Amino acid sequence: MVSELIKSALGRLRIVAFLEGISFLVLLGIAMPLKYFAGLPQAVRVVGMAHGVLFVLFVLLLIQVAIEKSWSFKKSALSFASSLVPFGTFYADARWFRN
């Protein structure tokens, strides 16, 4: 299944959206509490860097797919906004990325 997803830009977007969503939840739910409650800022440094790379990759793939699929500005903007809220990329995948 993964090999089929990698072949298309939309499939790659779905994979990166999933990983970006997971990294965001790990950052908010694990790394941030470790930093502020346990005094371990290294967790935020590591997870934050991974999340940042995945976020940039998500945005680049989103632009590519929006151009290839001729998505409307509204659909593209809502897809982007989904990456800014927890669980948003999972919603976007179910709603817009499975076409």
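**A buried alanine and an all-helix fold**

At just 1% relative accessibility, A31 counts as buried, since anything under 20% gets that label. That is a handy place to start looking around this predicted model. A31 sits in helix α2. Setting aside neighbours within four places in sequence, A31 is in contact with V26, A43, V44 and V47. Another residue to look at here is Q42: it comes 11 residues away from A31 in sequence, and the two C-alpha atoms are 8.4 Å apart in space.

Zooming out, the secondary structure adds up to 5 helices and 0 strands. Walking along the sequence therefore gives the simple pattern α-α-α-α-α. The C-alpha trace spans about 45 × 30 × 20 Å along its principal axes. Of the 99 residues in the protein, 36% count as buried. Take the contacts between residues at least 6 apart in sequence: 61% of them join residues at least 24 apart.

Two stretches of the chain carry a label from a database record. The unreviewed UniProt entry places the feature "transmembrane region" at residues 12-34 and 46-67. In the model, residues 12-34 are 100% helix and 0% strand, with the end C-alpha atoms 31 Å apart. Residues 46-67 also come out as 100% helix and 0% strand, and here the end C-alpha atoms lie 32 Å apart.

Next comes helix α5, which covers residues 88-97 and has G88, T89, A92, D93, W96 and F97 as its buried residues. These residues lie on the same side of α5 because they cover an arc of only 140° around the axis. Flip to the other side of α5, and A94 and R95 turn up exposed. As for what the buried side meets, the buried residues of α5 pack against three helices: α2 (9-38), α3 (42-68) and α4 (73-82). So α2, the helix that holds A31, is also one of the partners of α5.

Finally, a look at the outside. The protein exposes about 6200 Å², and carbon and sulfur atoms supply 72% of that area. On the charge side, there are 10 positive and 4 negative side chains. The centres of these two sets lie 5 Å apart.

How values were computed:
Residues are numbered from 1 along each chain as its sequence is written. This is a predicted model: local features need pLDDT of at least 70, side-chain atom pairs count only at pLDDT 80 or more; totals for chains, interfaces and linings use all residues. Side-chain values use heavy atoms; hydrogens and water are left out. UniProt positions are given in the numbering used here, feature names are shortened, and annotations may be inferred rather than shown by experiment. Helices (H or I, at least four residues) and strands (E, at least two) are DSSP runs, numbered from the N terminus. Buried means under 20% relative accessible area, exposed over 50%, partly exposed in between (1.4 Å probe, protein chains only). The arc is that of the directions from the helix axis to the C-beta atoms. Contact means heavy atoms within 4.5 Å. Accessible areas come from the Shrake-Rupley method with a 1.4 Å probe; for residues, only the protein chains shown count as cover. Lys and Arg count as positive and Asp and Glu as negative; His and the chain ends are not counted. The place of a charge is taken as NZ of Lys, CZ of Arg, CG of Asp or CD of Glu.
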